Amino acid sequence: MRTINKSVFIKSLDCQRLAWHLYRNLIEKDNSLGDDFLIFESKKIHALAQQLFPKGVKVNSGSLQEALAKTKELISDKNIETIFEPVFEYNGFVARADILCRTEEGWHIVEIKSGNKGKRKYIVDMAYSALIISKNLEPVSKVKLLLLSKDFHLGDPIENLFAETDFSIEVFIKMHEYFLILDDVKKMIESETSPEAKLKLCCKNCRMFKQCTGKNIEYHIFDLPRLSHLEFDELCKININQIKDIPNEIELTESQKIVKESIINDKVFISPNLTAELEKIQFPVYYLDFESVMTIYPLYANIHPHTQIVTQYSLHKSDNLNTEPEHFEFIADHTKDDRKTLAEQLIKDIGDTGSIITYSSFERQILNHLAQSYPELSESLNKIIERIVDLEVIIKFSYYDKNFHGKTSIKKVLPVMIPDMNYSELEISEGGSASSAFAYMAMGMYDQEKIIQTKKHLLDYCRQDTLALVKMHRFLAKTVQ
Ligand code: SF4
């Protein structure tokens with residue numbers, strides 16, 4: 001029996017074509033270490049929430065049919081007050097609740113989420129589950145959300161980890177809306193032919209974009225920086241989906257004009273200000289990159305959920321634009337919160353003079369947090385902050401190659417500026433995986449051999465980032481010679 005799950009239903013609200021493909025497993029998934037870690041952490045948070053209900057019984061699912069049968073059995077046993085992960089089916093739609101509680105006034109559905117803010121968007125999730133469950137059980141009297149409390153520290157009792165909010169009214173209203181469209185969604189999903197592609201703003205981040213509304217379009221209007229809803233609607237109204245076709249009467253921002261002109265003239269944009277910006281950089285130049293770890297459940301004592309902990313840095317130092325740069329690096333002791341040692345070592349390595357090139361505002365933010373956390377180091381850290389030059393800002397305003405496709409992230413810009421330099425040969429090649437690898441070590445999940453190997457891969461990855469900065473700086477300097 002093929003069933004429609006929550007994810008397919010919710011996608012159908014944004015794009016029916018995407019939901020139709022998702023239902024048939026026609027969309028490739030990326031399974032990075034970062035994605036696996038998110039699933040791992042979510043399971044951990046669910047297990048911790050279950051500890052709040054000591055009498056709960058879990059539906060240990062095998063197949064869908066087994067999970068449905070087990071749920072029925074537990075529901076009919078009046079001695080069971082709380083059921084974990086029960087599964088329900090209605091008219092081909094399937095939903096799994098996180099926690100279901102039997103109370104005198106009716107059933108309470110409890111949804112667990114790992115965020116820590118008042119998340120209205122979770123109402124959509126809860127409304128779907130509540131709808132399918134309410135077609136099986138009567139009455140569903142409350143729908144509640146357990147979110148992580150921002151006040152929790154590692155070491156506090158587990159009851160303090162969650163904050164509960166009752167969203168019953170909002171969920172019941174939305175649930176009614178969903179009931180009215182359920183049959184139409186089913187008909188569309190089960191139809192033999194896929195719904196037509198129609199360009200909308202959410203296509204920009206869709207995994208199918210390149211085979212769907214973005215097919216065979218080299219410079220799509222989505223390459224326009226900060227394309228607003230209004231601008232997008234205006235362009236769609238006159239059937240424009242390629243930058244080269246945008247009529248002159250359409251008003252664009254300065255950065256959008258740069259993108260359009262570099263495509264139409266097939267020419268790299270170099271601002272007359274680029275030379276002056278580069279001349280402000282003082283030697284010796286340091287190129288700095290941090291990596292950090294951010295877990296839902298804190299890794300170390302006295303840390304809140306979702307706290308960003310800096311774990312390593314790479315630092316290249318150049319006395320001029322021609323000679324081999326010197327390299328410094330640091331990686332934290334994963335068994336403890338090692339931020340202070342990292343800050344002290346950085347202060348020694350980074351000297352007192354010369355510009356510090358970073359890419360994005362992330363390094364500045366980390367240094368600000370370190371200065372706040374360790375007031376005894378704040379004077380030195382604030383002096384470091386004063387020396388920062390953000391290369392991304394220089395590129396954003398002074399250099400544009402149409403092959404950046406409207407982005408300025410280092411992963412997009414580097415292969416265009418320095419084609420022989422990429423991350424494909426590295427074991428760890430993106431920030432999410434770096435953070436997850438460090439978290440696995442801190443959680444004691446790797447043996448000694450794997451720890452040595454992982455630290456080496458992390459250092460290689462971070463070094464590549466600062467080496468990229470050295471090369472990009474030299475590339476820009478050559479451009480204006
Ligand atoms: S690219 Fe757009 S139309 Fe195509 S599946 Fe994705 S969201 Fe839907």
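Mentor: A residue counts as exposed if 12 or fewer other C-beta atoms lie within 10 Å of its own, as buried if there are 20 or more, and as partly exposed in between. Please keep in mind that this is a predicted model.

Trainee: With that cut-off in hand, is N239 buried or exposed?

Mentor: N239 is exposed, because 8 other C-beta atoms lie within 10 Å. N239 sits in the loop between α7 (229-237) and α8 (254-264), and its phi is positive, about 60 degrees, although the residue is not a glycine.

Trainee: Which other residue has a positive phi although it is not a glycine, and where is its place?

Mentor: As a general idea, most residues other than glycine have a negative phi, and most peptide bonds are trans. Here H306 has a positive phi of about 60 degrees; H306 belongs to the loop between β10 and β11 (308-318), and it is partly exposed, with 16 other C-beta atoms within 10 Å.

Trainee: Which peptide bonds are cis?

Mentor: One is the bond from E138 to P139, with omega near -20 degrees, and P139 lies in the loop between α5 and β7. Another joins F283 and P284, with omega about 0 degrees, where P284 is part of the loop between α9 (274-279) and β10 (285-294).

Trainee: How should I read the sheet, and in what order do its strands stand?

Mentor: Strands of a sheet pair through backbone hydrogen bonds, either parallel or antiparallel. In this model 6 strands form an open sheet with mixed pairing, in the order β1-β2-β5-β6-β7-β8. The edges are β1 (57-58) and β8 (162-166), each with a single partner strand, so one side of each has no neighbour in the sheet. At one of these edges, β1 runs parallel to β2 (residues 82-84) and is joined to it by 2 bridges, with V57 opposite I83 in β2.

Trainee: Which helices lie across these strands?

Mentor: Helix α3 (residues 33-50) lies across β2, β6, β7 and β8, at about 140 degrees to β6, while helix α5 (residues 122-134) lies across β6 and β7, at about 145 degrees to β7.

Trainee: Which residues of helix α1 are buried, and what covers them?

Mentor: In α1 (residues 6-14), V8, F9, K11 and S12 are buried. They cover an arc of only 165 degrees around the axis, which means that they lie on the same side of α1. Their cover includes α2 (16-23), β4 (93-96), α5 and α6 (168-190).

Trainee: Finally, what surrounds the ligand?

Mentor: The residues around the ligand include C15, R17, K198, C202, C203 and F209, and by class the shell has 9 nonpolar, 1 polar and 2 charged residues.

Definitions and conventions. Residues numbered from 1 in each chain as written. Predicted model: local features only at pLDDT ≥ 70, side-chain atom pairs only at ≥ 80, totals over all residues. Near = placed C-beta within 6 Å. Nonpolar A, V, L, I, M, F, W, Y, C, P; charged D, E, K, R; others polar. Pairing = 2+ DSSP bridges. Helix = DSSP H or I, 4+ residues; strand = E, 2+ residues; numbered from the N terminus. Contact = placed C-beta atoms within 7 Å. Axes fitted to C-alpha atoms, helices over the stretch in contact; angles between N-to-C directions. Arc of directions from axis to C-beta.
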